[in-house]
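Open the viewer and keep the sequence panel visible. We will go from the whole chain to a few residues.

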Amino acid sequence: MSETLVLIGVGSFAFSGLFYHLYQEKKKELKKLKEIPVFKPDQHLIRVLKASPHKRLQYVAVEGLVQADGEPLASQFVPRCFGVIQKIVVEEHWKYWNSLSQTWNSRTINRKETNNAVPFSLISPGAYITDLYVKIQKPLEASGCDLERVYFKVRQAEEGLVNVVLQGFSGEKPVAMKESEEMLRVGSTLTGFGEVVLEGGKVMRLQAPQDGRKYILIPTDHRSFLDRHERSASMWKTLTAVTGITGASLLAGVIYNLVGKQDDRSK
């Protein structure tokens, strides 16, 4: 029993070391994120760009509301739902007969994915005059842009005569078809990390940095983005403490029992 407790205690210390390493890495990442300047598409950003060398900011965060530069994309499934990035996925789920195991196994075939995007910009929240904006260059090349799922439906296959005949000849049968649509909707909040340049004294563009850093689009405000990383760091810190205390308690209990047994023998 004591050997088992020792192994659990040592394992807890090992996990504690791993969690502490992850906590330190997350702390470093969070510190770097907090050092990135944050702007909104306003006059202040224009002034900073005009005062910068080559009218360029190498790596900053820009937070604003999504606005289509022209006609937005309309949802194929949801009325009066418009966006600037659209992803539609259709999957067919089938079952096939495995003669060796004498069972039906599942698989996905004919997965079709369509990605669409239209030019769009970020404007300041509450801005009534939208002559100040930051144009987003090549959004599909950016990472981190988790789109909002606006539609999802599973259509079950109908058991008809055609399907029965198909199963008899091929040993396969359709089960369901899944349809989903995700969008970056007009009016949603977006934070972009990248390089901002000023062209013609007024047109601001957010684009992939030339120094190799990541071009990121996050569909949330900057504060919420940092809060998410802080919660992650707090989680690793808590796990470090819990596993460390657990390991120390178990090993202390084993040592106490061993010392107690030795005392009894000596008596």
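This tour starts with the overall fold, then turns to cysteines and one glutamine. Bear in mind that the model is predicted.

**Whole chain.** Show the protein chain as a cartoon. You will find four helices and 12 strands. Now switch on the surface. The protein chain exposes about 16500 Å², and carbon and sulfur atoms supply 55% of that area. Of its 267 residues, 35% count as buried. How are contacts spread along the sequence? Among contacts in the protein chain with a separation of 6 or more, 71% join residues 24 or more positions apart.

**Cysteines.** Select Cys81. Its relative accessibility is 1%, so Cys81 counts as buried, the cut-off being under 20%. Next, select Cys145. Its relative accessible area is 18%, so Cys145 is also buried by that cut-off. How many disulfides does the structure hold? The count is zero. A disulfide would be a covalent bond between the sulfur atoms of two cysteines.

**Gln86.** Move to strand E4, residues 82–98, and select Gln86 within it. Is Gln86 buried or exposed? Gln86 is buried, because its relative accessible area is 3%, under the 20% limit. Display the side chain. Which backbone atom does the Gln86 side chain reach at 3.3 Å? It is the backbone oxygen of Ala74.

Now show what surrounds Gln86. Leaving aside neighbours within four places in sequence, Gln86 is in contact with Leu73, Ala74, Ser75 and Gln76, among others. Add Thr114, Asn115 and Asn116, which are also among its contacts. Finish with Glu181, Glu182 and Met183, again in contact with Gln86. Ala74 thus appears both in this contact list and as the owner of that backbone oxygen.

Methods: Residues are numbered from 1 along each chain as its sequence is written. This is a predicted model: local features need pLDDT of at least 70, side-chain atom pairs count only at pLDDT 80 or more; totals for chains, interfaces and linings use all residues. Side-chain values use heavy atoms; hydrogens and water are left out. Helices (H or I, at least four residues) and strands (E, at least two) are DSSP runs, numbered from the N terminus. Buried means under 20% relative accessible area, exposed over 50%, partly exposed in between (1.4 Å probe, protein chains only). Contact means heavy atoms within 4.5 Å. Accessible areas come from the Shrake-Rupley method with a 1.4 Å probe; for residues, only the protein chains shown count as cover. A disulfide is a pair of cysteine sulfur atoms within 2.5 Å. A polar contact is a pair of N or O atoms within 3.5 Å; within protein, one must be able to donate a hydrogen and the other to accept it, and residues adjacent in sequence count only if both atoms are side-chain atoms.
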